[in-house]
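Student: I have just opened this entry and want to find my way around. Can we go through it step by step?

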Amino acid sequence: MALDEARKAQLRGEVPVGAVLLDSNGQVVAADGNRTEELSDASAHAEMLVLRAAGRLRGSARLPDCEIVVTLEPCPMCAAAISAFRVGRVVFGAYDPKGGGIEHGPQLYRAPGSHFRPEVVGGVREGEAAGLLKAFFAELRR
């Protein structure tokens with residue numbers, strides 16, 4: 001589903017990143033793709049959108065029983081928000097050596113000051129997720 005959300009984002013002219021938030025039963029709580037261009041909002045990353053939507057739907061700023069699945073390693077902003085929402089597990093596809101905030105860059109969950117460290121699983125369907133991004137940026141360069 002996250003890959004489908006990424007493809008929808010690409011059709012809107014957005015960087016193809018998608019995210020899905022699942023509850024403890026595997027039911028979808030929220031799903032979306034990047035909307036930074038559409039909303040003229042640099043914080044409208046897929047992860048931020050699903051976290052905000054889930055918080056509103058559940059009436060809570062804490063989502064400890066949830067799992068977020070995203071096609072790209074979350075950036076530092078999104079990684080911090082995932083921690084602030086206390087999401088229990090993060091699953092991502094493509095690694096992001098330049099802009100990632102979990103396995104790359106500041107590695108927020110490994111920092112001594114990290115208040116909450118979710119379980120992290122990276123590289124799930126990495127080739128497919130990375131392929132979407134590579135194709136998108138190759139097209140932009142043409």
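Student: Which residue in β5 does R89 stand opposite?

Tutor: Keep in mind that this is a predicted model. R89 belongs to strand β4, residues 89–94. Strand β4 pairs with β5 in the parallel sense, over three bridges. Across from R89 in β5 stands E119.

Student: In what order do the strands of the sheet lie?

Tutor: Five strands form the sheet. The sheet is open, and its pairing is mixed. From one strand to the next, the twist averages 15°. The order is β2-β1-β3-β4-β5.

Student: Which strands stand at the edges of the sheet?

Tutor: Look for strands with a single partner. Such a strand has one side without a neighbour in the sheet, because nothing pairs with it there. The edge strands are β2 (28–33) and β5 (119–121).

Student: At about what angle to β2 does helix α3 run?

Tutor: Helix α3 spans residues 46–58. It lies across β1 (18–22), β2 and β3 (67–72). Its angle to β2 is about 150°.

Student: Which residues of helix α1 are buried?

Tutor: Helix α1 covers residues 2–11. Buried here means under 20% relative accessible area. The residues in α1 that meet this are A2, L3, E5, A6 and A9.

Student: Why do these buried residues count as being on the same side of α1?

Tutor: An α-helix has 3.6 residues a turn, so residues three or four places apart point the same way. The buried residues of α1 pack against β1, β2, β3 and α5 (126–141). They are on the same side of α1 because they cover an arc of only 160° around the axis.

Student: Which residue with a positive phi follows α1?

Tutor: Helix α1 ends at residue 11. The residue to look for has a phi near 85°. That residue is G13.

Student: In what order do the elements run from the N terminus on?

Tutor: Count the pieces: the protein has five helices and five strands. Helices and strands are interspersed along the chain. The order is α-β-β-α-α-β-α-β-β-α.

Student: What is the radius of gyration of the protein?

Tutor: The globule rule gives 14 Å for 142 residues. The protein's own value is close to that, so it is as compact as a globular protein of that length. The radius of gyration is 14 Å.

Student: What share of the 142 residues is buried?

Tutor: The protein exposes about 7200 Å², with carbon and sulfur atoms supplying 53% of it. Turn now to the residues that are buried. Their share is 46%.

Notes. Residues are numbered from 1 along each chain as its sequence is written. This is a predicted model: local features need pLDDT of at least 70, side-chain atom pairs count only at pLDDT 80 or more; totals for chains, interfaces and linings use all residues. Side-chain values use heavy atoms; hydrogens and water are left out. Two strands pair if DSSP finds at least two bridges between them. Helices (H or I, at least four residues) and strands (E, at least two) are DSSP runs, numbered from the N terminus. Axes are lines fitted to C-alpha atoms, for helices over the stretch in contact, and angles run from 0 to 180 degrees between N-to-C directions. Contact means heavy atoms within 4.5 Å. The radius of gyration is taken over C-alpha atoms; the globule rule is 2.2 Å times the number of residues to the power 0.38. Buried means under 20% relative accessible area, exposed over 50%, partly exposed in between (1.4 Å probe, protein chains only). Accessible areas come from the Shrake-Rupley method with a 1.4 Å probe; for residues, only the protein chains shown count as cover. The arc is that of the directions from the helix axis to the C-beta atoms.
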